[in-house]
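Got the model open? Let's walk through it one selection at a time.

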Amino acid sequence: MILETFPVGPLACNCTIVGDEETGEAMVVDPGDNIPHILARLMDLRLTLKQIVVTHAHIDHVGGAVKLKRATGAPILLNQNDLPLLKMMDTQAAWLSVPTPEVAEPDQSAEDAMVVGLAAYPATVLHTPGHTQGSICLHFAEQRLLLAGDTLFAGSIGRTDLPGGDGRQILRSLHDRLLTLEDATRVIPGHGPETTIGEERAGNPFLR
Ligand SMILES: [Zn+2]
């Protein structure tokens, strides 16, 4: 499994490439910005992009998705509950004082329990609303790997004060969907350093 995570854009959103060296296929999660760099990495790794998955419709995670789709033809998956946020892209760009990126409706809604990703490395969609109504995490059970979007961070959790955020709901999502995973599960959050479910269960002050 090829697994590469790097920060993109002014808010340093973690973008992840998952690749299969056997088939040469890849998925990209959260191409928020820096599309030329993402394309260059795919080329260096000799990977063909098959799928774009966006964990939620905040500008720093979804901002480059249409550009990446246009360059590769790969479809975009985003949970439908975030469509209202996607339609507020002008407002979101104003929050950051950046130009509004082009956005488009996703090709498919990433629904709870749906299996996405590559044939060799499937991931189950966990719908974890709270940071936004359409927030999802991707669980690679075999690899004990979670791409957590902005639901869970090392030592923190996603903010819930933006439109579509709900503080009780994110705690329910965290307790019911993420803390039920094995302690050894490696977590790559939407921003900042990686962690594990076990470390967060033991030390995250928001999960007490
Ligand atoms: Zn966010």
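Start by selecting Thr55 and whatever touches it: leaving out neighbours within four places in sequence, Thr55 is in contact (heavy atoms within 4.5 Å) with Val29, Asp30, His61, Gly134, Ser135, Ile136 and Gly149. Thr55 sits in the loop between strand E4 (48-53) and helix H2 (59-62). The labels come from DSSP runs, numbered from the N terminus: H or I runs of at least four residues are helices, and E runs of at least two are strands. Thr55 has 1% relative accessibility, so it counts as buried; buried is under 20% relative accessible area, exposed is over 50%, and partly exposed is in between, using a 1.4 Å probe and protein chains only.

Before you click on, some ground rules: this is a predicted model, where local features need pLDDT of at least 70 and side-chain atom pairs count only at pLDDT 80 or more, while totals for chains, interfaces and linings use all residues. Residues are numbered from 1 along each chain as its sequence is written, and side-chain values use heavy atoms, with hydrogens and water left out.

**Next stop: helix H1**

Select residues 35-44, which make up H1. Colour Ile35, Ile38 and Leu42, the buried residues of this helix. Now look down the axis of H1: the buried residues fall within an arc of 60°, so they line one face of the helix. (The arc is taken from the directions from the helix axis to the C-beta atoms.) Here's a handy rule: an α-helix has 3.6 residues a turn, so residues three or four places apart point the same way.

Swing round to the other side of H1 and you'll find Pro36, Met43 and Asp44 exposed. What lies over the buried residues of H1? The cover includes E1, E2, E3, E4 and H3.

**Then helix H3**

Add residues 65-72, which are H3. Its buried residues are Ala65, Val66 and Leu68. They cover an arc of only 160° around the axis, which puts them on the same side of H3. On the other side, Lys67 and Arg70 of H3 are exposed. Show the surroundings too: the cover over the buried residues of H3 includes E3, H1, E4, H2 and strand E5 (76-77).

**Where H1 and H3 cross**

Keep both helices on screen. Their axes come within 10 Å and cross at roughly 40°, which makes H1 oblique to H3. Axes here are lines fitted to C-alpha atoms, for helices over the stretch in contact, with angles from 0 to 180 degrees between N-to-C directions. Under 35 degrees counts as roughly parallel, over 145 as roughly antiparallel, 65 to 115 as roughly perpendicular, and the rest as oblique.

Which residues make the contact? Show Ile35, Ile38 and Leu39 from H1, and Lys67, Leu68, Ala71 and Thr72 from H3. The contact residues divide into five nonpolar, one polar and one charged. For that split, Ala, Val, Leu, Ile, Met, Phe, Trp, Tyr, Cys and Pro are nonpolar, Asp, Glu, Lys and Arg are charged, and the others, Gly among them, are polar.

**Last stop: positive phi**

Turn to the backbone. Just after H1, Arg46 has a positive phi of about 55°, and H3 is followed by Gly73, with a positive phi near 80°. Next, pick Asn34, in the loop between strand E3 (25-29) and H1. Asn34 isn't a glycine, yet its phi is positive at about 55°. Finish at Ala12, in the loop between strand E1 (2-8) and strand E2 (13-20). Its phi is near 50°, again positive in a residue other than glycine, and at 32% relative accessibility Ala12 counts as partly exposed.
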